[in-house]
Amino acid sequence: MSILDIIKKKRDGGKLTHEEIAFFVAGATKGTIPDYQLSALLMAIYLNGMDIEETSILTLEMAESGDMLDFSDIGTVLDKHSTGGVGDKTTIVVGPILAALGVRTAKMSGRGLGHTGGTVDKLESIPGFRSDLSEEEFKEVVRTVGFSDIGQTKNLAPADKVLYALRDVTGTVENYSLIASSIMSKKLAAGADGIVLDVKCGSGAFMKDYPSAEKLAKVMVDIGNNAGRKTSAFITDMNEPLGRFVGNCLEIIECVEALKGRGEERFIKLVYAIAGEMLNLTGKKDDGMIEKVINDGSALMKFREFIRAHGGDDSFIDDYNRLGKIVIKEEVKFNRAGYLSRCDTEKVGLACMKLGGGREKLSDTIDHSVGIEIKKKLGDFVETDETAFIIYGNDEAKVSEAEELLKGAYEISDTPTPKPDVILGRIIL
């Protein structure tokens, strides 16, 4: 089989066979196909697309290019994935809730890059917390605690690592088949029986509008179900940050507050929706159970067990001062009154990154303690000189830069604007 023939076929709008896709993925994994030919094929796919059959085959071949985790000896295990946003810490609350209800969740998460935060970074702001468990340790925590979340293993979907690196530098990222196969190959390799997807939509998301988010969600749900995994998706709003805080330590504290029954309204609505959908995949119904395990403290106890199982110190749950130290606390105010009418959420994420709470490249180190408290949400009225945000930082110059970004991220209107719903749609195929 010739990679040149495969490139020409897709260049001319042809449909690739299973054998051709398998050859291409194997060559990417083993390094037997040079980067320039892989890049040419990726561009041909980007320009001419793939149908759902081709996309499903590509996903499975990428998933099977490395380790395939097997939880069959444990029982039913679920997974949840978000396409990324600002202030999205949903996994950290959903996992303990489901564990308290006897539903196991095995999650592999990434690190933050650019304006989006990473679940692994947030968890690693907990003293002693390890995200680098071995696959055996990972499975044991899932078995005994009911919830584990680790960084992606080196041999999980290695073909995706090769292809994603090339897509990033060849202008071939924004293609539904390539995005979906990248996400879902890792989900399938991680071994879950059911997957709930949270596809973000808006100014802080990769997908800026609803039709784009809906199309991606449908493709990924189709792939998951075709692979024999029960899969569904929500399309959720990212036209403002999720919750009250942006920043690693601050978001962990917000998660604890949510597990103590004091979560922000939109954040809790999303937590309940995703946890309820994951229960549905196991044949169970919520019937007030989610609220019960929060109110009786059993979800918070599962969070403590999860932290300890990962080597972390859970004493911060009772004393938040045990987390990061902050030198500067800067109140941000607007010089006019009005309703917050629009938010460029990406700028809010970039403001946190500028404080040191995120990365411009994956090799950057981050300051877990810095972040932003959001006192006013879209649709709220802000008085003249009323505090709208609080910046927590450790460097005056960085705080000033973050303040400018924050002020530039929001628009104020004289007329009331509706508060956006957090859940925009649900996809089940």
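Trainee: In this predicted model, is Asp-88 buried or exposed, and what is its relative accessible area?

Mentor: A residue counts as buried when its relative accessible area is under 20%, and this cut-off is what we need here. Because the value for Asp-88 falls under that limit, Asp-88 is buried, with a relative accessible area of 9%.

Trainee: Which residue forms a salt bridge with Asp-88, and where in the chain is that partner?

Mentor: Asp-88 sits in the loop between strand E1 (77-82) and helix H5 (90-100), and its partner is 112 residues apart from it, in strand E4 (residues 194-201). The partner counts as buried too, at 1% relative accessibility. The closest N and O atoms of the pair are 3.7 Å apart, and the residue that completes this salt bridge is Lys-200.

Trainee: How many residues apart in sequence are the parts that Lys-89 and Glu-254 tie together?

Mentor: Lys-89 forms a salt bridge with Glu-254, and their closest N and O atoms are 2.9 Å apart. Both Lys-89 and Glu-254 are buried. Lys-89 lies in the loop between E1 and H5 whereas Glu-254 lies in helix H11, so the pair ties together parts whose separation in sequence is 165 residues.

Trainee: Which residues are linked with Lys-89 in a network of salt bridges?

Mentor: The search of the whole structure finds 38 salt bridges, and the one between Lys-89 and Glu-254 has already been described. The network holds Lys-89 and Glu-254 together with two further names, so that, besides Lys-89, its members are Lys-122, Glu-251 and Glu-254.

Trainee: Is Glu-401, which forms a salt bridge with Lys-354, buried or partly exposed?

Mentor: Lys-354 in helix H15 and Glu-401 in helix H16 (residues 396-409) are 47 residues apart, and their closest N and O atoms are 3.9 Å apart. Lys-354 counts as partly exposed at 27% relative accessibility. Because Glu-401 has a relative accessible area of 40%, its class is partly exposed.

Trainee: Which helix gives the most residues to the lining of the largest cavity?

Mentor: The largest cavity holds about 160 Å³ of space, and 23 residues line it, with Cys-352 and Gly-357 among the closest to its centre. Helices H6 (119-123), H11 (248-259) and H15 (345-357) each give two or more residues to this lining. The one that gives the most, with 4 residues, is H15.

Trainee: How many charged residues are in the lining of the second largest cavity?

Mentor: About 40 Å³ of space lies in this cavity, and its lining includes Phe-24, Asp-160 and Arg-167. By class, the lining has 6 nonpolar residues and 1 polar residue, while the number of charged residues is 2.

Note on methods. Residues are numbered from 1 along each chain as its sequence is written. This is a predicted model: local features need pLDDT of at least 70, side-chain atom pairs count only at pLDDT 80 or more; totals for chains, interfaces and linings use all residues. Side-chain values use heavy atoms; hydrogens and water are left out. On a 1 Å grid over the protein atoms alone, a cavity is a set of points where a 1.4 Å probe fits but cannot get out, and a pocket is an open set with protein on both sides within 12 Å along at least five of seven lines; lining residues have an atom within 4 Å of a point. Grid points are joined across faces, edges and corners, and a volume is the space filled by probe spheres set on the points. Ala, Val, Leu, Ile, Met, Phe, Trp, Tyr, Cys and Pro count as nonpolar, Asp, Glu, Lys and Arg as charged, and the others, Gly among them, as polar. A salt bridge is a side-chain nitrogen of Lys or Arg within 4 Å of a carboxyl oxygen of Asp or Glu. Buried means under 20% relative accessible area, exposed over 50%, partly exposed in between (1.4 Å probe, protein chains only).
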